[in-house]
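User: I have a model open and would like to go through it with you. Could you begin with whatever I need to know before we discuss the metal site?

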Amino acid sequence: MLPDKKAVKNLFDFVCEKTKEPNIARGCAADESVHHYIDVSRCAEKIASHCGLDSHKAKILGLFHDYGEYIERTVPGTFHGTAGYDEMMKLGYDEIARVCLTHSFWKGTFAPEHFVYDKKEIERAKELISKMELDDYDYLIQLSDMLCCHRKFVRLEERIDYIIKKYNRDPKESEGMKKAAEKLKKRFDKLCGQDIYELLGIK
Ligand SMILES: [Fe+2]
């Protein structure tokens, strides 16, 4: 189930209020997160409308894919993926819950060394995802998340360089990350019958 218009507004107001403070741990300015939610939502909606997916659903999924971020900011040992999943399941929005969980695993690995989050939560995510079959909406939000950075749509390389720097990852990881992200992009290039960069006006 997806939230109706009124519930979307209430949830978005709530999450904006909760992310008002700068995220020191993740190095985000106060409103950077909210811009990211809106950008991912716009990106997912646009791609969906060109590949036969439900663009309204894509828009809502994009808007709330990082819903658990406010919990990760304030509660030590939490991971925004599982935190968002739990909250959305409690609210009965199971379609949002699954993208909260699946969007972080676009590299196709659950190896704890690939994440800065609590190992137990990564294990729990792995367990939950093992019972799901990922669909085009999961992949769409993974890709959209990777195409939004610095308040605009960007090439995958730019987003990956940003992630490597932000999370202090080993630059050697970037090759594998680029391959995984390119695979996602190719899936939607094919589904849309055109290059996603062109579709989004990315140079
Ligand atoms: Fe995100």
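Analyst: Certainly. Donors here are N, O and S atoms within 2.8 Å of the metal, and water is not among the atoms, so a site may look incomplete. Please also bear in mind that this is a predicted model.

User: Understood. Which residues are the protein donors of the iron ion?

Analyst: The iron ion has His36 and His65 as donors through NE2, and Asp66 and Asp145 through OD. These donors lie 2.2 to 2.3 Å from the iron ion.

User: How are the donor residues spaced in sequence?

Analyst: The spacing is H-x28-H-D-x78-D. Within it, aspartate 66 and aspartate 145 link distant parts of the chain, being 79 residues apart. Aspartate 66 sits in the loop between α3 and α4, whereas aspartate 145 belongs to helix α8, residues 136-147.

User: Are those two aspartates buried or exposed?

Analyst: Both aspartate 66 and aspartate 145 are buried.

User: And what is the geometry of the iron site?

Analyst: The site is irregular, with angles of 75 to 172° among the 4 donor atoms. Four donors would count as tetrahedral only if all angles lay between 85 and 135 degrees.

User: Let us turn to α1. How many residues does it have, and what does it reach from end to end?

Analyst: Helix α1 covers residues 5-18, which is 14 residues. From its first C-alpha to its last it reaches 20 Å, close to the 20 Å expected at 1.5 Å a residue.

User: Which of its residues are buried?

Analyst: In α1 the buried residues are Ala7, Val8, Leu11, Phe12 and Val15. Seen down the axis of α1, they fall within an arc of 130°, and therefore line one face of the helix.

User: What is on the face turned away from that buried side?

Analyst: That face of α1 carries the exposed residues Lys5, Lys6 and Lys9.

User: What covers the buried residues of α1?

Analyst: The cover includes α2 (32-49), α3 (55-64), α4 (69-74) and α5 (80-91).

User: Now the aromatics. How many aromatic pairs are there in the whole structure?

Analyst: A search of the whole structure finds 10 aromatic pairs. One of them joins phenylalanine 79 and phenylalanine 105, which are edge-to-face, with 6.0 Å centre to centre and 80° between the planes. This pair links distant parts of the chain, 26 residues apart: phenylalanine 79 is in the loop between α4 and α5, and phenylalanine 105 in the loop between α6 (94-102) and α7 (119-130). Phenylalanine 79 and phenylalanine 105 are both buried.

User: What kind of pair do phenylalanine 105 and phenylalanine 115 form?

Analyst: Phenylalanine 105 and phenylalanine 115 form a tilted pair, 5.2 Å centre to centre with 55° between the planes. These two residues are 10 residues apart, and each is in the loop between α6 and α7.

User: Why does phenylalanine 115 count as buried?

Analyst: Phenylalanine 115 counts as buried because its relative accessibility is 10%, and buried means under 20%. Phenylalanine 105 counts as buried at 6%.

User: Which residues form the aromatic cluster?

Analyst: One aromatic cluster is formed by Phe12, Phe14, Phe64, Tyr67 and Tyr70. Phe12 is also among the buried residues of α1.

User: What about α9: which residues are buried there?

Analyst: In helix α9 (residues 156-166), Leu156, Arg159, Ile160, Tyr162, Ile163 and Ile164 are buried. What covers them includes α2, α8, β1 (148-149), α10 (174-192) and α11 (196-200).

User: What phi does asparagine 168 take, just after α9?

Analyst: Asparagine 168 has a positive phi of about 55°, although it is not a glycine. Most residues other than glycine have a negative phi. Asparagine 168 lies in the loop between α9 and α10, and it is exposed, with a relative accessible area of 70%.

User: And where is histidine 150?

Analyst: Histidine 150 is in the loop between β1 and β2 (152-153). Its phi is also positive, near 55°, and histidine 150 is partly exposed at 47% relative accessible area.

User: Last topic: what is lysine 152 in contact with, leaving aside its neighbours within four places in sequence?

Analyst: Lysine 152 is in contact with Asp39, Leu147 and Glu158. Lysine 152 is located in strand β2 and is partly exposed, with a relative accessible area of 42%.

Technical notes: Residues numbered from 1 in each chain as written. Predicted model: local features only at pLDDT ≥ 70, side-chain atom pairs only at ≥ 80, totals over all residues. Heavy atoms only, no water. Helix = DSSP H or I, 4+ residues; strand = E, 2+ residues; numbered from the N terminus. Expected span 1.5 Å × (residues − 1). Buried < 20%, exposed > 50% of the residue type's maximum accessible area, 1.4 Å probe, protein only. Arc of directions from axis to C-beta. Contact = heavy atoms within 4.5 Å. Donors = N, O, S within 2.8 Å, 3.2 Å for Na, K, Ca; no water. Tetrahedral: all angles 85-135°; square planar, octahedral: opposite > 155°, others 65-115°. Phe/Tyr/Trp six-rings, centres within 6.5 Å; stacked < 30°, edge-to-face > 60°.
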